[in-house]
Amino acid sequence: MIKPDAVEANNIGPILAMMTEAGFKIVALKYTKLSAEQAGKFYAVHSERPFYGELVEFMSRGPIVAAILEKDNAVEDFRKLIGATNPAQAEEGTIRKRFAKSIGENAVHGSDSDENAQIEGDFFFSQLERF
Ligand code: CMP
């Protein structure tokens, strides 16, 4: 997912380019906006964290780009490409190093397991929207 901060900063294009240049195939793509309820559901796993309210507010404040990406070893390779959650710790050449502003507003989200990639892909896309 490309988050509201990166959309607001007009960085959809360069972020998608970094993904495709790194060898990820776009299987599904959507420009949409989450309601607070939908953002809360997407991040339900973090509902007990102190930053949950802030996260839900941020993720529902403007449009996002959702994508299903395909590649061998996709979860691990994508997490390497996006960099550490906290952009201050993200390596040079990562998406978050280049585009993220803070640990909360960190430009992109990537699934942390194949299982969660399946769940998160199903959250945004029907089978008819995947190619
Ligand atoms: P993401 O990889 O999408 O997964 C959970 C999100 O919660 C994370 O990126 C950040 O946007 C947010 N997050 C994680 N830690 C913090 C924190 N300490 N303060 C605020 N937001 C956070």
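User: What pattern does the protein chain follow, read along the sequence?
Analyst: Keep in mind that we're looking at a predicted model. The protein chain has seven helices and two strands. Put in sequence order, they give the pattern α-α-β-α-α-β-α-α-α.

User: What radius of gyration does the protein chain have, set against that of a compact globule?
Analyst: The C-alpha trace spans about 35 × 35 × 25 Å along its principal axes. For 131 residues, a compact globule would come out near 14 Å, which agrees with the chain's own radius of gyration of 14 Å.

User: Which residues have the most contacts inside the largest nonpolar core?
Analyst: That core has 18 residues. Helices H1 (4-8), H2 (12-21), H5 (74-82) and H6 (95-99) each supply at least two of its residues. Ile2 is one of the residues with the most contacts there, and beyond its neighbours within four places in sequence, it touches residues including Val7, Ile64 and Ala107. The full set you're after is Ile2, Ile15, Met19, Ile95 and Val108.

User: How many residues are in the second, separate core?
Analyst: Met1, Tyr43, Met59 and Phe125 are among its members. In total, this second core has 16 residues.

User: What share of the residues in the protein chain is buried?
Analyst: Buried here means under 20% relative accessible area. On the outside, the chain exposes about 7,400 Å², with carbon and sulfur atoms supplying 51% of that. Of the 131 residues, the buried share is 42%.

User: How far apart do the centres of the positive and negative side chains lie?
Analyst: There are 15 positive and 20 negative side chains in the protein chain. Take the centre of each set, and the distance between the two is 3 Å.

Note on methods
Residues are numbered from 1 along each chain as its sequence is written. This is a predicted model: local features need pLDDT of at least 70, side-chain atom pairs count only at pLDDT 80 or more; totals for chains, interfaces and linings use all residues. Side-chain values use heavy atoms; hydrogens and water are left out. Helices (H or I, at least four residues) and strands (E, at least two) are DSSP runs, numbered from the N terminus. The radius of gyration is taken over C-alpha atoms; the globule rule is 2.2 Å times the number of residues to the power 0.38. Buried means under 20% relative accessible area, exposed over 50%, partly exposed in between (1.4 Å probe, protein chains only). Accessible areas come from the Shrake-Rupley method with a 1.4 Å probe; for residues, only the protein chains shown count as cover. Lys and Arg count as positive and Asp and Glu as negative; His and the chain ends are not counted. The place of a charge is taken as NZ of Lys, CZ of Arg, CG of Asp or CD of Glu. A nonpolar core is a set of buried Ala, Val, Leu, Ile, Met, Phe, Trp, Tyr and Cys residues joined through side-chain atoms within 4.5 Å. Contact means heavy atoms within 4.5 Å.
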